[in-house]
Each structure stands twice: as C-alpha cells, then as structure tokens.
Amino acid sequence: MQQLGELQKSAAGLRGLADVFVLNGDTPDDSRRLKRISGISLPVLLDRDLSVARSYDMLPKPDQPMGMMSGVAQMGYVIVDEQGIIRVQRVDLNFGTHADQIYQILRTI
Amino acid sequence: MAAPARLASVQRELYYRISHMTDTGSNDRARPNWALILGLLTGVAVALAIFIPALLVRPSPKPTAPLTSISTSAPAAGRIDTVTIPGPLGGPDISRDVNTLVGQRAPGFTLSDSEGVSYPISPGGGTPTVLIFNMGVT
C-alpha cells in the first residue's frame, strides 16, 4: 500500500507517456479502502481470480522476492510498447519508489 | 728500415697521439660518460617505479545502474528494435526481471474497478501500457 502512495507522486508524469493501470485481487470494498488510504488516482482494476497476473506470468515464484506467498499477484510491473509488445516484465517490491525508472523506460522504448 | 720510412712512421704515430689527446693531456676522448648514463637510467627507473603502481591502482569507472539489453521483435511492424533498458534496482531481494514473456504480444483482457466500471485493455493501440501488479490491502 505504501508503494501505491509513492507511485501516486509520479502518476501524472506516467500517464503523460502511457496508459497506466493498477491490478490486484482485492474485493471492491478493499479496493475502495486501498484508494482512500494510498490516495492513488490511477485506475485500480480488480483481478479477483488473478487470471491477468497469471497470463502475464506475474504470480510469485520461489526464486523471486516474496516468492513463497500465494493468493496474491507478485509486486512489480509490465511495460508494453505502443505496438503491443511486452518490453519489461519485472518483479519490484519498491515499484512506487522506483517510479522514476518506469518513467525512464517509457522514454527509452 | 730506411731513414725516410722511419721518419714517416714516427710522424704518423705522433699525429695519431696528438689527434686523440684531450685538453688535459690524456687520450680518453672516446670513453663513455658513465655518470650521465647512470643518471639517465636512475631517472627512468624512478619514473617507472612511480607510474606503474599508479596505473595499476587507477580507479575504476563509477558503478552505474545495471543495464539490460533487450531485443524484441515487433511482427506487426515487421522490424526489430534493440534498446537498452535500465536494469532492476535495489538488488535481487527487491527487484528482479522475469522476462519470460518479453518480446511477445501482450494479451488483452477486461477487468472492472471497485465501482463496476469496465476497462477493456488492448495493448498496442499506439500508446504504451504499464500494468502495475500489487498485493492490494492484504
């Protein structure tokens, strides 16, 4: 949740370069609470069965940070270029703190 | 030996000695200047002793953020791009590339937000897409 708060600081800049979505397995009530506490202004989409996380291979794996967890998506991000090709697929526990790097990658691809 | 021949021989010997004499009267004109040579060699040795260790301990370039060179094909456009993507930050316990799907077409999907608004996501419409996966409130 703290990382979403960090991400919010860069939300405007990121939205200037890309369509940005937050995904998690929350219920609608939990999602409202998450948005209220974190202040995130990006769309937060409910991936209840984690099917999207699975299709992007972003479920935890044993050799990854937080790899022993289950029932949640891995923390991180996927960056898709303007032609629909996946360019970055990264586990990052500090994705909000590292939002500047996401911004940098978007300017690179 | 005849006197003229003997006289010519003495003249040659005398000419030789005179031509090889220095101002001090000694004839060591062709002797190398060992002091100068020794000084030059000492200078070279000192220079090497100073500069070789300096070259060996020369500081390495500053570490920079790790870079990941990723080649991806874009079949829709029929071209191949190779760009250098900044690598994960914070060490492998914090961030790590998965990259099992890099270079492949991103699957589309439709999800709703907490208010029931539907978002049909179809990456590749001319704008990059960023999907942030997180744990939610749990």
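**Exercise 1. The contact between the chains**

How many residues do chain A and chain B each bring to the contact? Work out, too, which elements of chain A take part.

*Solution.* Keep in mind that this is a predicted model. Start with the totals: chain A contributes 66 residues to the contact, and chain B contributes 48 residues. Next, look at where the residues of chain A come from. Elements that each supply at least two residues to the side touching chain B include helices H1 (2-8), H3 (28-38), H4 (51-55) and H5 (99-108). Strands E1 (19-24), E2 (44-46), E3 (76-80) and E4 (86-92) of chain A each do so as well. The biggest share belongs to E4(A), which gives seven residues. Finally, sort this side of chain A by class: 38 residues are nonpolar, 16 are polar and twelve are charged.

**Exercise 2. Strands that pair across the chains**

Find which strands of chain B pair with E1(A) and with E4(A), and give the direction of each pairing.

*Solution.* Take E1(A) to begin with. Five bridges connect E1(A) to E6(B), residues 129-133, and these two strands run parallel. To locate the pairing on screen, pick A:Val20, which lies opposite B:Val130. Now move to E4(A). Three bridges link E4(A) with E3(B), residues 95-97, and here the strands are antiparallel. A good residue to click on is A:Asp92, whose bridge partner is B:Ser95.

**Exercise 3. A closer look at E4(A)**

Is E4(A) mostly covered or mostly open? Which strand of chain A pairs with E4(A)?

*Solution.* Count the buried residues: seven of the seven in E4(A) are buried, so the strand is mostly covered. Within chain A, its partner is E3(A), and the two strands form five antiparallel bridges. One of the paired positions is A:Val78 with A:Gln89. Then follow the chain through the hairpin, where five residues separate E3(A) from E4(A). Among them, A:Gly84 has a positive phi near 90 degrees.

**Exercise 4. The buried face of H5(A)**

Which residues of H5(A) are buried, and why can they be said to line one face of the helix?

*Solution.* List the buried residues of H5(A): A:Ala99, A:Gln101, A:Ile102, A:Ile105 and A:Leu106. Then look down the axis of H5(A). Its buried residues fall within an arc of 155 degrees, so they line one face of the helix. A general rule helps with the picture: an α-helix has 3.6 residues a turn, so residues three or four places apart point the same way.

**Exercise 5. Positive phi outside glycine**

Locate A:Asp57 and B:Asn99, then describe the backbone and surroundings of each.

*Solution.* As background, most residues other than glycine have a negative phi. A:Asp57 sits in the loop between H4 and E3 of chain A, and its phi is positive, near 55 degrees. This residue has 15 other C-beta atoms within 10 Å, so A:Asp57 is partly exposed. Turn to B:Asn99, in the loop between E3 and E4 (109-112) of chain B. Its phi is also positive, at about 60 degrees. With 16 C-beta neighbours inside 10 Å, B:Asn99 is partly exposed.

**Exercise 6. Chain B as a whole**

In what order do the elements of chain B follow one another, and what percentage of its residues is buried?

*Solution.* Tally the elements: chain B has two helices and six strands. Reading from the N terminus, their order is α-α-β-β-β-β-β-β. Of the 138 residues in chain B, 12% are buried. As a last step, take the contacts in chain B with a separation of 6 or more: residues 24 or more positions apart account for 12% of them.

Methods: Residues are numbered from 1 along each chain as its sequence is written. Chains are lettered from A and ligands numbered from 1 in the order in which they are written. This is a predicted model: local features need pLDDT of at least 70, side-chain atom pairs count only at pLDDT 80 or more; totals for chains, interfaces and linings use all residues. Two residues are in contact if their C-beta atoms, placed from the backbone, lie within 7 Å. Helices (H or I, at least four residues) and strands (E, at least two) are DSSP runs, numbered from the N terminus. Ala, Val, Leu, Ile, Met, Phe, Trp, Tyr, Cys and Pro count as nonpolar, Asp, Glu, Lys and Arg as charged, and the others, Gly among them, as polar. Two strands pair if DSSP finds at least two bridges between them. A residue is buried if 20 or more other C-beta atoms lie within 10 Å of its own, exposed if 12 or fewer, and partly exposed in between; C-beta atoms are placed from the backbone. The arc is that of the directions from the helix axis to the C-beta atoms.
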